[in-house]
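User: I would like to go through a protein model step by step. Please explain each term when it first comes up.

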Amino acid sequence: MTIPPTRSAPFYFTALALGLSGACAILVGCQQASRPTSGKQTLTLGAVVALTGNASLIGQDQRIGLELAESEFGSRPPALSLRLEDGGSDEQTATTAFRRLLQQPVVALIGPSLSQQAFAVNPIADRAGVPVLGASNTAIGIPQIGPFVSRISAPVSKVAPLSIQAAKRLNPKLERVAVFFAQDDAYSTSETKIFQKSIQGLGLKLVTVQRTSTADIDFQKPIADTLQTRPDLIVISALPNDGGNLVRQLREMGYAGLIAAGNGMNSPNIYSVCQRYCDGLLIAQAYSPEAKTSVNRRFVQLYQKRHGDKAPPQFTAQAYAAMQVIREALTRLDRQESLRSQSRNQALATMPLPELRRALNTILLQGAYDTPLGEIRFTPEGEVIQKDFYVARVKMDAKGKTGRFALLPNPSPATP
Ligand code: 1QQ
């Protein structure tokens with residue numbers, strides 16, 4: 001089974017018109033009024049990922065993970081079909097996508113790709129009582145948006161310090177650190193605080209902090225200013241296009257020291273932006289393709305069947321894990337409801353949708369999940385609890401066309 005391609009607006013409005021008797025301007029309100037059930041044996045899960053704009057290089061990885069998860073888990077009872085919407089890379093496009101999906105009888109939502117978008121759109125789903133599971137939102141404060149918001153993407157506080165520690169191990173003489181961050185992006189502003197805290201915590205000297213924008217493509221001036229401060233490490237929090245261009249221009253302008261990038265550049269799709277200059281980048285990871293669990297082996301096998309012998313990227317694994325978590329929570333809920341109602345099937349299909357969403361949110365946060373990311377649990381607030389993190393160093397091929405995220409030896413344990 002494949003994910004239906006991103007649908008155009010007319011598709012959703014037609015589906016909506018066919019699926020509902022009577023026009024409801026805000027469907028969520030109608031659902032609460034009439035308490036409809038999902039009505040079908042197949043439940044619907046919505047997902048909003050960046051398929052256009054700056055973050056689309058990340059969204060492409062996420063889409064693959066969702067497609068693999070749907071083919072692996074979609075048809076297991078209770079069957080789950082995925083509606084994927086392009087959330088773009090800005091708040092407005094994500095809002096439109098969320099509103100479209102909330103007009104469907106979705107049991108939950110995955111996404112949107114960016115924290116910047118999540119802070120804008122997750123409150124809409126939260127108010128409607130629809131669970132939202134973030135698959136790539138890492139800024140501090142995401143689970144605190146509301147009781148229906150959780151995430152499987154580990155926060156910057158757990159992941160970002162690891163690449164600074166790795167840089168220090170690679171160059172023990174490291175002293176002077178320059179920081180760049182995109183000041184108009186919530187993840188970047190959140191991550192840079194953690195980076196700066198770890199830089200100072202390790203006794204390193206913060207020689208300059210440069211504020212950029214996710215829309216920037218030319219960094220000559222901030223780079224020239226930075227090089228005068230003679231850094232031995234440059235640390236970047238930005239999205240793939242601006243971050244990739246920054247890395248390329250740093251090298252073109254003669255910087256030869258270490259570069260650590262944050263989660264915004266955590267995709268092999270950056271190769272087309274920074275090309276051979278991506279080589280050597282340090283990026284901490286919330287996923288290891290090398291993890292020896294049977295769940296991860298199965299995931300890697302599914303990925304490689306479609307994508308050759310490449311290693312699946314972190315965002316693909318997180319998107320897959322997000323759908324797996326929702327799938328398993330629904331299965332547990334189905335079992336619980338079947339026992340309670342003593343009916344063998346359709347227990348969830350006959351449940352009023354608002355109740356189903358509420359029960360799903362509750363049971364989802366209570367479970368433990370054996371995913372390709374390792375064992376995942378949640379705090380009652382919806383923050384992910386994950387054990388293992390890693391640091392990769394990008395190795396480009398001689399032509400600078402392709403490369404790989406090579407995990408550094410001695411994976412670092414999570415900071416407490
Ligand atoms: C966030 C992120 C992005 C860089 C991933 C898509 O971590 O916005 O929270």
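Analyst: Two strands pair if DSSP finds at least two bridges between them. Helices (H or I, at least four residues) and strands (E, at least two) are DSSP runs, numbered from the N terminus. This is a predicted model, in which local features need pLDDT of at least 70, side-chain atom pairs count only at pLDDT 80 or more, and totals for chains, interfaces and linings use all residues. Residues are numbered from 1 along each chain as its sequence is written.

User: How many bridges join strand S6 to S8?

Analyst: Strand S6 covers residues 176-182 and runs parallel to S8. One bridge partnership is that of Val 177 with Leu 233 in S8. The number of bridges that join S6 to S8 is 5.

User: Which residue in S9 is the bridge partner of Val 235?

Analyst: S8 also pairs with S9, in the parallel sense and over 4 bridges. Within S9, the partner of Val 235 is Ala 260.

User: How many residues of S8 are buried?

Analyst: A residue is buried if 20 or more other C-beta atoms lie within 10 Å of its own, exposed if 12 or fewer, and partly exposed in between, with C-beta atoms placed from the backbone. Leu 233, Val 235 and Ser 237 point one way from S8, Ile 234 and Ile 236 point the other way, and all are buried. S8 is therefore largely enclosed by the rest of the structure, and its count of buried residues is 5 of 5.

User: Why does the length of helix H6 agree with what is expected?

Analyst: The expected span of a helix is 1.5 Å times one less than its number of residues. Helix H6 has 15 residues, 156-170, so it should span 21 Å. The length agrees because its end C-alpha atoms are 21 Å apart.

User: Which elements do the buried residues of H6 pack against?

Analyst: The buried residues of H6 include Val 156, Leu 162 and Ile 164. Packing is read from contacts: two residues are in contact if their C-beta atoms, placed from the backbone, lie within 7 Å. The buried residues of H6 pack against helix H7 (186-201) and strands S8 (233-237), S9 (258-261), S10 (282-285) and S14 (390-396).

User: Which residue of S2 stands opposite Thr 44?

Analyst: Strand S1 (residues 43-49) is mostly covered, with 6 of its 7 residues buried. S1 pairs with strand S2 (residues 80-86) in the parallel sense over 7 bridges. Opposite Thr 44 in S2 stands Ser 81.

User: Which are the edge strands of the open sheet with the order S11-S12-S13?

Analyst: This open sheet has 3 strands with antiparallel pairing. An edge strand pairs on one side only, and the edge strands are S11 (369-371) and S13 (384-385).

User: How many charged residues are in the shell around the ligand?

Analyst: A residue is near a molecule if its C-beta atom, placed from the backbone, lies within 6 Å of it. The residues around the ligand include Ala 55, Ser 113, Tyr 187 and Asn 263. Ala, Val, Leu, Ile, Met, Phe, Trp, Tyr, Cys and Pro count as nonpolar, Asp, Glu, Lys and Arg as charged, and the others, Gly among them, as polar. By class, the shell has 5 nonpolar and 7 polar residues, and the charged residues number none.

User: Where does Pro 112 lie, and what is the peptide bond before it?

Analyst: Most residues other than glycine have a negative phi, and most peptide bonds are trans. Pro 112 lies in the loop between strand S3 (106-110) and helix H5 (115-128). The peptide bond from Gly 111 to Pro 112 has omega near -5 degrees, and is cis.

User: Is Arg 230 buried or exposed?

Analyst: Arg 230 lies in the loop between helix H8 (220-227) and S8. Its phi is positive, about 50 degrees, although Arg 230 is not a glycine. Because it has 11 C-beta neighbours inside 10 Å, Arg 230 counts as exposed.

User: How far apart in space are Thr 350 and Gln 41?

Analyst: Thr 350 is in the loop between helix H12 (314-341) and helix H13 (353-366). Thr 350 and Gln 41 are 309 residues apart in sequence. In space, C-alpha to C-alpha, their separation is 8.9 Å.
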